[in-house]
Amino acid sequence: MPRPVHFEIHAGDPARAVAFYTAVFGWKIEQWGDIPYWVVDTGDGDGINGGLLPRRGPAPAEDAPVHGFVNTIAVGDVDATLDAVAQAGGTLALPKNPVPGVGWLAYCKDTEGNIFGVLQPDENAPAPS
């Protein structure tokens, strides 16, 4: 079955986005040669790596619907990650909620207005009340 193998983050300010994702997740992000494209290394193990590039056009409006794919990143502690997001200049888009039998999920916006998810796996996550 085909699986995702790469993701891309569009950024109005690539340097700011690199700083954000490095601070929050510890990703290694390096410019690829002299072109305006950065390679994102998310670490060893399961998952995929990606890229970061300048956004072509204006950033999404604050209340704009999602018009692309949302990347969800597995984390060890969703609350600590939400704190790191805020400290790095990101914002909360949807608060932490349980996904029964899966874990705890929240959605955030990065410094560029892109929405992404953070999921703390927890098989004992209850049904929402």
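Okay, let's start with strand 6, residues 91-99, and strand 7, residues 103-109: they pair in the antiparallel sense, over six bridges. And keep in mind as you look that this is a predicted model. If you find proline 98, its bridge partner in strand 7 is tryptophan 104. Valine 99, meanwhile, stands opposite glycine 103 of strand 7. These two strands make a hairpin with three residues between them, and in that hairpin glycine 101 has a positive phi, near 75 degrees.

Now zoom out a bit. The hairpin's strands belong to an open sheet of four strands, and the order across the sheet is 5-8-7-6, with mixed pairing. So which strands stand at the edges? Strand 5 and strand 6 do; each has a single partner strand, so one side of each has no neighbour in the sheet. On average, neighbouring strands here are turned by 20 degrees against each other, if you ignore direction.

There's a second open sheet, again of four strands, and its order is 1-4-3-2, also with mixed pairing. Its edges are strand 1, residues 6-11, and strand 2, residues 28-31, and each of those pairs on one side only. Neighbouring strands in this sheet are turned by 25 degrees on average, direction ignored. Inside the sheet, strand 3 (residues 38-41) pairs with strand 4 (residues 49-54) in the antiparallel sense, over three bridges. One pair to look for there: tryptophan 38 has leucine 52 of strand 4 as its bridge partner.

Okay, on to the helices. Helix 1, residues 14-25, packs on this sheet and touches strand 1, strand 2, strand 3 and strand 4, and its direction makes about 150 degrees with that of strand 4. But helix 1 also lies across strand 5, strand 7 and strand 8, where it runs at about 10 degrees to strand 8. Helix 2 lies across strand 6, strand 7 and strand 8, at about 5 degrees to strand 7.

How do the two helices sit against each other? The axes of helix 1 and helix 2, residues 78-87, come within 9 Å and cross at roughly 150 degrees. Angles over 145 degrees count as roughly antiparallel, so that's what we call helix 1 relative to helix 2. The crossing is right-handed. And which residues of helix 1 meet helix 2? They are Phe20, Val24 and Phe25, and across from them in helix 2 you have Thr81, Ala84 and Val85. Sorted by class, that contact has five nonpolar residues, one polar and no charged ones.

Last, two single residues. Glutamate 8 is in strand 1. Is glutamate 8 buried or exposed? Somewhere in between: its relative accessible area is 39%, so it counts as partly exposed. Leaving out residues up to four places away in sequence, glutamate 8 touches Tyr37, Gly51 and Leu53. Its C-alpha is 9.4 Å from that of asparagine 71, and those two are 63 residues apart along the chain.

The other one is alanine 64, in the loop between strand 4 and strand 5 (residues 71-74). Alanine 64 is partly exposed as well, because its relative accessibility is 28%. From alanine 64 to glycine 113 is 49 residues along the chain, and their C-alpha atoms are separated by 9.8 Å.

Notes:
Residues numbered from 1 in each chain as written. Predicted model: local features only at pLDDT ≥ 70, side-chain atom pairs only at ≥ 80, totals over all residues. Heavy atoms only, no water. Pairing = 2+ DSSP bridges. Axes fitted to C-alpha atoms, helices over the stretch in contact; angles between N-to-C directions. Contact = heavy atoms within 4.5 Å. Parallel < 35°, antiparallel > 145°, perpendicular 65-115°, else oblique. Left-handed = near helix turned anticlockwise from the far one by under 90°. Nonpolar A, V, L, I, M, F, W, Y, C, P; charged D, E, K, R; others polar. Buried < 20%, exposed > 50% of the residue type's maximum accessible area, 1.4 Å probe, protein only.
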